[in-house]
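Thank you all for coming; please bring up the sequence and the model on your screens, and I will walk through a few of the helices with you.

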Amino acid sequence: MNKDASQDAKDLQSALNEPRKTLGLSDAIALIVGIVVGAGIFRTPSLVAANSADETIFFSVWILGGLISLIGALCYAELSTAFPNTGGDYHFIYRAYGQNMGFLFAWARMTVIQTGSIALLAFIFGDYMAEVYSPFSYSSIIYAALAVVILTAINIIGVQFGSGTQKLLTSLEVFGVLFVIVAGLFFSDTNIQDTHSPGAPSTSNSFGMAMVIVLLTFGGWNEAAYISSEMKAGGTQIVRALITGLIAITFIYLLVNFAYMNTLGLDAMSKSGAVGTDVMKASFGTPGVMILAGIVALSALTSANATIFTGARTNYALGRDFRSFGQLGRWNYKNSTPVTAFLVQALISLALISMGFFTRSGFETIVQYTAPVFWFFFLLVGIALFLLRIKEPGQVRPFKVPLYPLTPVVFCLTSCYLLYSSIVYTGIGAFVGIVVLLSGLIVNFALSRNSKNRKKHIESPA
C-alpha cells in the first residue's frame, strides 16, 4: 500500500470514528425543553413562594430566572458556534485552561455531574411510578434502575431513534404540563386558598434563595453545546435553538405558576409540600393525584433521556483525547453513537442509584452531591469565554455575545453566587461530590507520569 493510499485509509477511519451531522433545529429544541422542563416545576414553586414577600416578587424571580438563563445561553452560543464540538463544555475548558483542567472536568462529568443528574431524575421517576404501582419494598429504586437501562439501550440503538424518542417524550411532557395549567386555571376549587396573611418583610437573603431555586429549575439548557458538531446546518443553529427553547420554557413556567397561584394563592403555595399534587387534587380529586404522578414520572423520564443522550458525548471526548480511556472514544458510525461511553455512564449511574438502598434521602443526597461541582465548572466556562477571546482572537466567531463584556460578567457572577450557595446550604452529599472531584487530580497525576497516556488530539472546529 503506497503512502497516499495509507493516508486515505487513515482519513476514512478517522471520519468513521467522528459524529455525523444528523440533528436538526427541532431536535435541539426538543433536547433543551426536555431537559429543563422536568419534574422540578412540580416541586420548587412552593419553595420560591416561601421566599417571596408577595405575588409580584414571586413572578419577578421567575422572569429574572429566564433572563439570567438567556444571558448564559448567549455566552454558550458564542462558544458553541466558534468551537462546535461533541465535548461541549469539556472542549471549551480544554482549549481555555489546558489538558489538566479538561481532564478534571471530563472526570467530574463522568463521575459526578452527569451521572448524578441521571440518578436524580431516575429517582424522581421511580418515586412517582411507585405511587402508581409498588409491588416491592424497593419498587422506586427498581423503577429508577430500569429507566436508566432502557433509555441507555434506546440511545445505543442509534442517534435518530434516540432523538426521535426525545421529541416524542418532550411532546408528551409539554402536553402534561399544559394539562396541569388548564386544570389550575379552569377546573380547580379556589375556595381551598388560605386567607392570605401579611408575611415578613422581604430580605435580600430570601430573594436570593428564591433566585437559587428558580435557576436550578431552569438548569440544563447548556447541554445543547454537546450536540453542536452534530447539527445538520452547523453550530449556528444552536443559537436559535437556545433562544427559542428558553423563551418557550420561561413562558411555560409562568403559565404553570399562574395556575398554581390561581388555585392555592401565595400563602397556601408556600406551605405546600407538593404544589402540583394540591392543584390536581383541587381540580379532580384523588384521580387527579394519580394523573399528576404519571405526568411527573414522564417529565423525569424525558429529562433523563436527554441527559443520557448528551452525557455520553463527554465520555467519548475523554476517550478520544486520553489513551488510557481510549475505549470510551470509540464511535459507532453505523448507529452514530458512542456505545462504550453510554455503557460506562449507565454503570456509574446505577451505582449512584444503589445509594437508595442505604439512605432514605437518596434524592436530596444526589442533589447535594452534584451541585457544587456543577456550578464550579459552570463558572469556569463563563471565564473561558474571556480567555478564548484573548488566546484565540483570530478564531471565526459566527455569533458574538451582545454587550460584551457585561453579559458574560453577569453570567460569571451568577455562577459564583450559586457555587457559594451550593456549598453553604448543603451537607454531606456535597462533601462526597467534592472528594470524588478531587480524586480526579490523583488519577490525572498518575496518567501524567506516562506521556503515552496524554492527549491524542483536540478535535478541530467543524
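In helix α7, the residues that are buried, meaning under 20% relative accessible area with a 1.4 Å probe and protein chains only, are Ser-139, Ser-140, Ile-141, Tyr-143, Ala-144, Ala-147, Val-148, Leu-151, Thr-152, Ile-154, Asn-155 and Ile-156. Please keep in mind that this is a predicted model, in which local features need pLDDT of at least 70 and side-chain atom pairs count only at pLDDT 80 or more, while totals for chains, interfaces and linings use all residues. Residues are numbered from 1 along each chain as its sequence is written, and side-chain values use heavy atoms, with hydrogens and water left out.

Helix α7 covers residues 139-157, and its 19 residues reach 27 Å from the first C-alpha to the last, close to the 27 Å expected at 1.5 Å a residue; the expected span is 1.5 Å times one less than the number of residues.

Let us turn to Tyr-90, which sits in helix α5, residues 89-97. Is Tyr-90 buried or exposed? Tyr-90 counts as buried because its relative accessibility is 0%. Between Tyr-90 and Gly-102 there are 5.8 Å in space, C-alpha to C-alpha, although the two are 12 residues apart in sequence.

Next come helix α11, residues 275-284, and helix α12, residues 286-321, whose axes come within 6 Å and cross at roughly 140°. The two are therefore oblique to each other, a word for the angles left over when under 35 degrees counts as roughly parallel, over 145 as roughly antiparallel and 65 to 115 as roughly perpendicular. On the α11 side, the contact, meaning heavy atoms within 4.5 Å, is made by Gly-276, Thr-277, Met-280, Lys-281 and Phe-284, and on the α12 side by Thr-286, Pro-287, Gly-288, Val-289, Ile-291 and Leu-292.

As for covering, seven of the 10 residues of α11 are buried, so that we may call this helix mostly covered, and the buried ones are Val-275, Gly-276, Thr-277, Val-279, Met-280, Ala-282 and Ser-283. After α11 comes Gly-285, which has a positive phi, near 70°.

Finally, the axes of helix α2, residues 25-36, and helix α10, residues 237-271, come within 9 Å and cross at roughly 40°, which makes α2 oblique to α10. Here Leu-25, Ala-28, Ile-29, Ile-32, Val-33 and Val-36 of α2 meet residues of α10 including Arg-240, Leu-242, Ile-249 and Tyr-253.

How values were computed: Helix = DSSP H or I, 4+ residues; strand = E, 2+ residues; numbered from the N terminus. Buried < 20%, exposed > 50% of the residue type's maximum accessible area, 1.4 Å probe, protein only. Axes fitted to C-alpha atoms, helices over the stretch in contact; angles between N-to-C directions.
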